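Trainee: I've got a protein model open and I'd like to practise reading it. Can we go through it together, one question at a time?

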Amino acid sequence: MAKGSQLSQLKTALTKAGVSGPPESRKRKRSSVSTSKDKDRQAAQLEAIHSRFNAFDVKETKLKHNVLGKGKIKGQKGTPSKSKQSGLDARKKTLQKEWEDRGRAGGILDRRFGETDATMSLEEKMLERFTRERQRASTSKGDLFNLDDEDELTHYGQSLANLDDFENAGMGFEEDEDEDERSGQIEGRVVRRSHFGGFGEEEEDSDGEGQPARKKTKSEVMAEVIQKSKEHKFRRQLERQQDDNLRHQLDQEFDSLRDLLLAAEPPTHAPDPAPEPKKPLPIPPTPETGVAELIPSAPSMANPESYAKDTTYDALVKELAFDARSKPKDRTKTEEELASEERERLLKAEKKRRLGMLGLDDPDSVEAGGKRKRAEADDLEDDFDGGYGDDEEDDWAGVGKGIGEGPDEGGSEEGDEDSSAEGDEAAPYESGQPLPFTFPCPSTHAQLLSILKNVSDEDVPTVIKRIRALYHTSLGAGNKVKLQTLSGVLLEHILHCAPNFTLVRNLIPHLAALTKQYPRQATEHFVAQLSSISQRLFSQPVSSEYRFTLRDLTLLRLIPLCFPTSDLHHLVVSPARLLIGAYLSLSLPKLKEVKDVASGLFAVSLVLEWENVSKRWVPEVPVYLVNVVLRMAPLVEEGKALPGMFPVPRLEEARERLALKEKQGRQLAVVKPNLVMLLKDNDYEPTEQDKVNLLGLAVGLIGSFSALWEGLPSFIEVFEPLDEVLGMVDLDLVSKDLKSRISSCRTSLGQSLKLSKKTRQPLQLQSHKPIPLPSIAPQFSERSSTSYLFREDDPDKEANKLRKAYKQERKGAIRELRKDTRFLAKVEQDRQREKDEEYEKRMRQVHGGIEGERAEQKSAEREKMKEKKRAGRK
């Protein structure tokens, strides 16, 4: 080991390596010539000295146990600085360049046709490229003398395509021809020997069987090329001929197509005398087109008929070229534009109606001379109205169909006020007069009744439609409030006209549209009507009538037509559902009249319609149906205990009025009950037919609800007593129709009960994993060490190796990604530092320049002040 300090050791090593030492003499320096090998050797010695004296460049790992004969262990000695520097150099060459080019768009663009299309085969790509190349070559100037062109070449009036290039042209080469025929021609022997064809005689003479095929001569190659060229030319001529034939066929069939295109409408009056046919314009062939030369079948003046036909065709083609081009149709108008147009149409029609009633003429329909202008077809516009009252609902395609579907624009507040003023000033409508086109918007039901006075039921929907059109939301600022009020007025009027279901059915679309357009206000109107029904039913004394009227049932029937009934909570449907349930449960003690039964069964049918989608459980329904059956059907044993837990209050008292009579009940068939007749007139006395109809309806509702609630967990407990109640009915005392209905209902109900009992499973405790018994034996794991990973008898040996390799690679990838991140952060930081330094340098230069200018300015000012002082001017 060398003695001395680190510095002395370094000097000694440099002296031994010949890097440093006493200076050489000039003579010796001239004799020694340094070469590149000496420089490399000297650099290697310096690197070795640097690595030997720099202890931080080497990292050694001390072994705990030195095993003899194992050799050098990997990782025992390392050079972290070199590894780090090599990694940095590699990242500068690859990662830094990628990072710098990350936002650059460029490179080589492959424009070869079909190269990026995976659906094209190699042959298709080559064919398409060849086609593109030929098209590009045909447009170039160097393609003027290409013999493979579509133009036909002639010589002395004869086509060159019909002549053989080497036959009958004074250039025969056959040796077996006669001397007379070959007179004046070059012999084949001379051609073979002198004209580049005499170099292969020895090979031809020695060519025999088993020898390779001889090479083709120049003449044979040219003959083959010429033959192929003729074949291609013949194919092109054949295709051209087929195109000409097809074009000629289309020309022959053009007359029928022209008749379809130029078909005129049938005349409404006597036809005018036929005009003289126009003389066709002849189109002589021009030198540029060459029609007479290229089309040998062109008509000539010798055949006048064919010539006239052809010229007529050409004239028609020219006429078609000068026809007016098709124009786009009118664009689809917005809801606001349709509303404005409909309002203008109604105002014009009302003005025309009033002038007609006064016996005056419409100034718009009178010409300047004072005579009435006769309406013609050209005068009719899209909104033309030929009559005074011809405004049927089916033919009207204006605002009424799309009202309530979205916000509208157009119109103005002034127009709305004008229309309102016109409606208010209008005289009261009298029967027999034309129906007005403008009406005021009613704010109360009394105003609507005054407007509809003397108006027939068929015209009421038309009046509502015109009111909605005149007071459309987009036509005025206050129209929105008016239509919101109109929804409540229209609901009140529908309930007022409850017995007239034809009128109600025609007014429902308008109410549904207003409800959709203003749901919040419509909800308030419906809830107010439900509150009035609830107050009337549940606040009156017990002795009064307790049933839904036709007005109440009409309101309940309108709810599913205007609101969704499948929602879990709804501002209108939920209160209505509670109202029906309360009525069905509280009306059982008062269920003594046929009208009460009819009202309740109508409410039950509404529940069936409402819950058809959501299938909610309504407990009042089966209780009410059981009470109806027990009160109206003849029982086998009347004093027998009733099945189930259904409450049946005042059964004996109710059966005296509601039970079917034996003699009449056997002869009556079940038909659809007339609920309107039962609930409309208080003086109407129900008959036995009404009882049979209501009992059949109750049995049908039991079957419908059993199919609806078949999947409920409590289906067996609810409908099994119902099945027993139906079994208590004496079928011998009812008609055949009712008997068949009860039997079919019991059959379907029995099948549903049987299926429910099969699918029902008893309650069970939760199944837990068995608790293992405690073991005293110590637990031993074969995987306590890593030796199991590569054991020979381990079936998962390969999987373990792969898993370990994956884990190592994953760790290495994470480590490299972190290094890349740190490297990029450092590069970006260095680049930002360079920018900051450059900016600071520029700022220093700018500040220095400004300071210099300021110093010069101050020095100039001082000199000026000194001069003033010297001159005595202060």
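Mentor: Sure, let's start inside: Arg345 is buried, with a relative accessible area of 12%. Buried means under 20% relative accessible area, exposed means over 50%, and partly exposed is in between (1.4 Å probe, protein chains only). Keep in mind that this is a predicted model, where local features need pLDDT of at least 70 and side-chain atom pairs count only at pLDDT 80 or more, while totals for chains, interfaces and linings use all residues. Residues are numbered from 1 along each chain as its sequence is written, and side-chain values use heavy atoms, leaving out hydrogens and water.

Trainee: Which side chain meets Arg345 in a salt bridge?

Mentor: A salt bridge here is a side-chain nitrogen of Lys or Arg within 4 Å of a carboxyl oxygen of Asp or Glu. For Arg345, the N to O distance is 2.7 Å. The partner sits three residues away in helix H13 (residues 335-358), so the two are separated by about one helical turn. That partner is Glu342.

Trainee: Is Glu342 buried or exposed?

Mentor: Look at its relative accessibility, which is 6%. The cut-off for buried is under 20%. Therefore Glu342 counts as buried.

Trainee: Which residue forms a salt bridge with Arg353?

Mentor: Stay in helix H13, and go three residues along, about one turn of the helix, from Arg353. Arg353 counts as buried at 6% relative accessibility, and its partner is buried too, at 1%. The closest N and O atoms are 2.7 Å apart, and the partner is Glu350.

Trainee: How many residues apart in sequence are the parts that Glu593 and Arg657 tie together?

Mentor: The side chains of Glu593 and Arg657 meet in a salt bridge, 2.7 Å from N to O. Glu593 lies in the loop between helix H22 (573-586) and helix H23 (594-610), and Arg657 lies in helix H25 (residues 651-658), so the parts they tie together are apart by 64 residues.

Trainee: Which residues do salt bridges that share partners join into one network?

Mentor: Here you look for salt bridges with a partner in common. They join Arg91, Glu816 and Asp820.

Trainee: How many salt bridges does a search of the whole structure find?

Mentor: We've met a few, including the one between Glu342 and Arg345. Searching the whole structure gives a total of 28.

Trainee: Which helix holds Arg854?

Mentor: Arg854 helps form a positive surface patch with Lys858, Arg862, Lys866, Lys869 and Arg870. Patches use residues with over 30% relative accessible area and no salt bridge, with like charges joined within 9 Å and nonpolar side chains (Val, Leu, Ile, Met, Phe, Trp, Tyr) within 5 Å. Arg854 is partly exposed at 41% relative accessibility. Its place is in residues 797-871, which is helix H31.

Trainee: Which residues does Lys216 touch, not counting those up to four places away in sequence?

Mentor: Lys216 is in the loop between helix H8 (201-206) and helix H9 (218-252), and it's partly exposed at 49% relative accessibility. Contact means heavy atoms within 4.5 Å. With that rule, Lys216 touches Val221 and Glu224.

Trainee: How many helices and strands are there in the protein?

Mentor: Helices (H or I, at least four residues) and strands (E, at least two) are DSSP runs, numbered from the N terminus. The count for the protein is 31 helices and four strands.

Methods. Accessible areas come from the Shrake-Rupley method with a 1.4 Å probe; for residues, only the protein chains shown count as cover. Lys and Arg count as positive and Asp and Glu as negative; His and the chain ends are not counted. The place of a charge is taken as NZ of Lys, CZ of Arg, CG of Asp or CD of Glu.
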